[in-house]
Amino acid sequence: MRETEPRAVILGEYILDTGATVRATAKVFKISKSTVHKDVTVRLRHDNPQLYKLVKAVLEKNKSERHIRGGMATKRKYKGER
């Protein structure tokens with residue numbers, strides 16, 4: 001992590017670059033998903049409002065698709081895949 005940049009900005013840039021979910025981002029950075037969510041929804045708004053708007057769009061897209069990802073996970077579960 002770059003010391004001169006707030007963690008919220010680093011997490012926001014990662015989500016924007018990869019399209020990752022909050023949960024996936026938390027796993028990569030080894031922090032809780034609550035921390036990631038707080039950083040990119042509350043702290044990022046103050047640290048970098050332009051980045052916040054872009055990240056918010058990615059989070060909304062992920063939220064709108066979560067029922068599809070959940071259905072795929074259930075399908076894999078019952079097919080015996082992991």
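In the predicted model, Asn62 is located in helix α4. Because its relative accessibility is 7%, below the 20% limit, Asn62 is classed as buried. A polar atom of the Asn62 side chain lies 3.1 Å from the backbone oxygen of Ala20. Apart from neighbours within four places in sequence, the residues in contact with Asn62 are Gly19, Ala20, Thr21 and Arg69. Ala20 thus appears both in the contact list of Asn62 and as the residue whose backbone oxygen is paired with the Asn62 side chain.

Helix α4 spans residues 49-79 and also contributes to the largest nonpolar core, which comprises 14 residues. Within this core, the members that touch the most other members are Ile15, Val36, Val40, Leu44, Leu51, Val55 and Leu59. At least two core residues come from each of α1 (7-18), α2 (22-29), α3 (33-47) and α4 (49-79). The greatest contribution is that of α4, which supplies five residues. In soluble globular proteins, nonpolar side chains tend to be buried together.

Leu51, one of the core members with the most such neighbours, is in contact with Val9, Gly12, Glu13, Leu16 and Leu44 when residues within four places in sequence are set aside. Of these contacts, Leu44 is also listed among the core members that touch the most others.

The loop between α2 and α3 contains Lys30. Although Lys30 is not a glycine, its phi is positive, at about 55 degrees. The relative accessible area of Lys30 is 73%, over the 50% limit, and Lys30 is therefore classed as exposed.

Key
Residues are numbered from 1 along each chain as its sequence is written. This is a predicted model: local features need pLDDT of at least 70, side-chain atom pairs count only at pLDDT 80 or more; totals for chains, interfaces and linings use all residues. Side-chain values use heavy atoms; hydrogens and water are left out. A nonpolar core is a set of buried Ala, Val, Leu, Ile, Met, Phe, Trp, Tyr and Cys residues joined through side-chain atoms within 4.5 Å. Buried means under 20% relative accessible area, exposed over 50%, partly exposed in between (1.4 Å probe, protein chains only). Helices (H or I, at least four residues) and strands (E, at least two) are DSSP runs, numbered from the N terminus. Contact means heavy atoms within 4.5 Å. A polar contact is a pair of N or O atoms within 3.5 Å; within protein, one must be able to donate a hydrogen and the other to accept it, and residues adjacent in sequence count only if both atoms are side-chain atoms.
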